[in-house]
Amino acid sequence: VAAAAGVSKATIYLRYRSKADLATAALAHLRDTAGPEPTGDLRADLVVLLRQMRRNTARFRVMPLIGTCLAEEQHTPELLPLFRERSVLPRRERLAAMLEAAGGDPRQVAAAVDMLIGAFHMRSLAGDPFPADWEERVVEVALAGLGLA
């Protein structure tokens, strides 16, 4: 990493406390977080975020990466918390903020976020292909559950 960046190892260690810190910072940087600004159309904005999540997963083979973070928890205990902080929680917080701003009941928003992200991970783990309208259907179910459909 230091050679590719054209700096010394000492410079890398000044910026990053550990390999886990460096790896999760790199993943957070590579994750496609750019996208159109929210339009105010909650349904369309959620669909865009789910499609972005699917693109990121395809680009970085995220499911094996998650498995590695879980498997390494005993040997590298700081890896999973950093991965959560930099990759998992920002997405959850963004979805929750969108749903709450649209009037979603805060007591139910966390469950809706779990449904939106969990549906994606389960379909990926099952190996089922994603239908072209998958995001629209999942968003519709989540919004109906919040009474925002």
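On a 1 Å grid over the protein atoms alone, a pocket is an open set of points where a 1.4 Å probe fits, with protein on both sides within 12 Å along at least five of seven lines, and its lining residues have an atom within 4 Å of a point. A pocket's volume is the space filled by probe spheres set on the points.

Welcome to this predicted model, where local features need pLDDT of at least 70, side-chain atom pairs count only at pLDDT 80 or more, and totals for chains, interfaces and linings use all residues. Residues are numbered from 1 along each chain as its sequence is written, and side-chain values use heavy atoms, leaving out hydrogens and water.

The protein chain has eight helices and zero strands; helices are DSSP runs (H or I) of at least four residues and strands (E) of at least two, numbered from the N terminus. Its C-alpha trace spans about 55 × 30 × 30 Å along the principal axes. Of its 149 residues, 32% count as buried (under 20% relative accessible area with a 1.4 Å probe).

Now for the largest pocket: its volume is about 400 Å³. Its lining is made up of 23 residues, and Val62, Ile66, Phe83, Val88 and His121 lie nearest the centre. These elements each give two or more residues to that lining:

| Helix | Residues |
|---|---|
| helix H3 | 19-30 |
| helix H4 | 42-60 |
| helix H5 | 62-71 |
| helix H6 | 79-101 |
| helix H7 | 106-126 |

H6 provides the largest share of the lining, seven residues.

Definitions and conventions. Buried < 20%, exposed > 50% of the residue type's maximum accessible area, 1.4 Å probe, protein only.
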